[in-house]
Amino acid sequence: MESAKRSWAERVSDLVTRFGGSLPFFYLHVGWFSGWLLWQLSPRVPPELQFDPMPFSLLNLLVALEAVLLSTCILMSQRRQDQLADRRTHLDLQINLLSEQENSKMLAMLAALMRHQGLALDDPEVAALQEATRSAVLVPQLEQALEPPIEEEPGSLPRPPQAS
């Protein structure tokens, strides 16, 4: 589904990235470099046909250009994959929040049924699970817990805790 929405540049980028990470790509380069070096260094090839003498400036230029283009394609593919992963993560969060609401409601309904049948349930964990999850409170707590610790420079004074 998502692959159909890709632009032509993204399709080319994915194709180049897929081929760039394959064994045929590796073998192609081994053959290319070997052939280039054998041609340039072989005493059997006439000097006028050796177009890139030592230190192989043209080969260096071509390899550098290929590296720039290949790394750009890889970065484009990774960026698109990251965007797709972010959308999937957001969807997972929405589904998990809906599931949490459903579970809380089912626990409340079960507790009501138990009360209706005259059964007592004195479990504080069940009571806590029946409460609706408030994402507006939960998100800042998670962000604070997941925040990387601030590394202090040697010899500096400790930083005061930030107000939340």
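Two residues are in contact when heavy atoms lie within 4.5 Å. By that test, the buried residues of helix α2 pack against α1 (8-20) and α3. The model is predicted. Its chain has five helices and zero strands. Along the sequence, the pattern reads α-α-α-α-α.

**The chain as a whole**
- The chain has 164 residues, and 13% of them count as buried.
- The accessible surface of the chain is about 13,800 Å². Carbon and sulfur atoms account for 65% of that surface.
- Take the contacts between residues at least 6 apart in sequence. Of these, 46% join residues at least 24 apart.

**Helix α2: two sides**
- Helix α2 covers residues 23-41, which is 19 residues. At 1.5 Å a residue, the helix should span 27 Å. Its end C-alpha atoms are 27 Å apart, so the expected span and the model agree.
- Which residues of α2 are buried? They are Phe25, His29, Trp36 and Gln40.
- These buried residues cover an arc of only 40 degrees around the axis, so they sit on the same side of α2.
- An α-helix has 3.6 residues a turn, so residues three or four places apart point the same way.
- The other side of α2 holds exposed residues: Leu23, Tyr27, Leu38 and Leu41.

**The salt bridges**
- How many salt bridges does the structure hold? It holds two.
- Side chains of opposite charge can pair when their charged atoms come close.
- In one salt bridge, arginine 6 meets aspartate 14, with N to O at 2.7 Å.
- In another salt bridge, aspartate 14 pairs with arginine 80. Here the closest N and O atoms are 2.3 Å apart.
- This second pair links distant parts of the chain. Aspartate 14 is in helix α1 and arginine 80 is in helix α3, 66 residues apart.
- Shared partners join Arg6, Asp14 and Arg80 into one network of salt bridges.
- Are these charged residues buried or exposed? The cut-off for buried is under 20% relative accessible area. Arginine 6 has 18%, so arginine 6 is buried. Aspartate 14 is buried too, with 7%. Arginine 80 counts as buried at 12%.

**A nonpolar patch on the surface**
- Seven residues make a nonpolar surface patch: Trp39, Leu49, Phe51, Leu58, Leu61, Leu62 and Leu65. The area of the patch is about 630 Å².
- Which helix gives the most to the nonpolar patch? Helix α3 (residues 57-116) does, with four residues.
- Leucine 62 is one of the patch residues, and its place is in helix α3.
- Leucine 62 has a relative accessible area of 32%. Partly exposed means between the buried limit of 20% and the exposed limit of 50%, so leucine 62 is partly exposed.

**The loop between α2 and α3**
- Proline 55 lies in the loop between α2 and α3. The peptide bond from methionine 54 to proline 55 is cis, with omega near 5 degrees.
- Phenylalanine 56 is in this loop as well. Its phi is near 60 degrees, a positive value in a residue other than glycine.
- Is phenylalanine 56 buried or exposed? Phenylalanine 56 counts as buried, at 10% relative accessibility.

Definitions and conventions. Residues are numbered from 1 along each chain as its sequence is written. This is a predicted model: local features need pLDDT of at least 70, side-chain atom pairs count only at pLDDT 80 or more; totals for chains, interfaces and linings use all residues. Side-chain values use heavy atoms; hydrogens and water are left out. Patches are made of residues with over 30% relative accessible area and no salt bridge: like charges are joined within 9 Å, nonpolar side chains (Val, Leu, Ile, Met, Phe, Trp, Tyr) within 5 Å. Accessible areas come from the Shrake-Rupley method with a 1.4 Å probe; for residues, only the protein chains shown count as cover. A salt bridge is a side-chain nitrogen of Lys or Arg within 4 Å of a carboxyl oxygen of Asp or Glu. Helices (H or I, at least four residues) and strands (E, at least two) are DSSP runs, numbered from the N terminus. Buried means under 20% relative accessible area, exposed over 50%, partly exposed in between (1.4 Å probe, protein chains only). The expected span of a helix is 1.5 Å times one less than its number of residues. The arc is that of the directions from the helix axis to the C-beta atoms.
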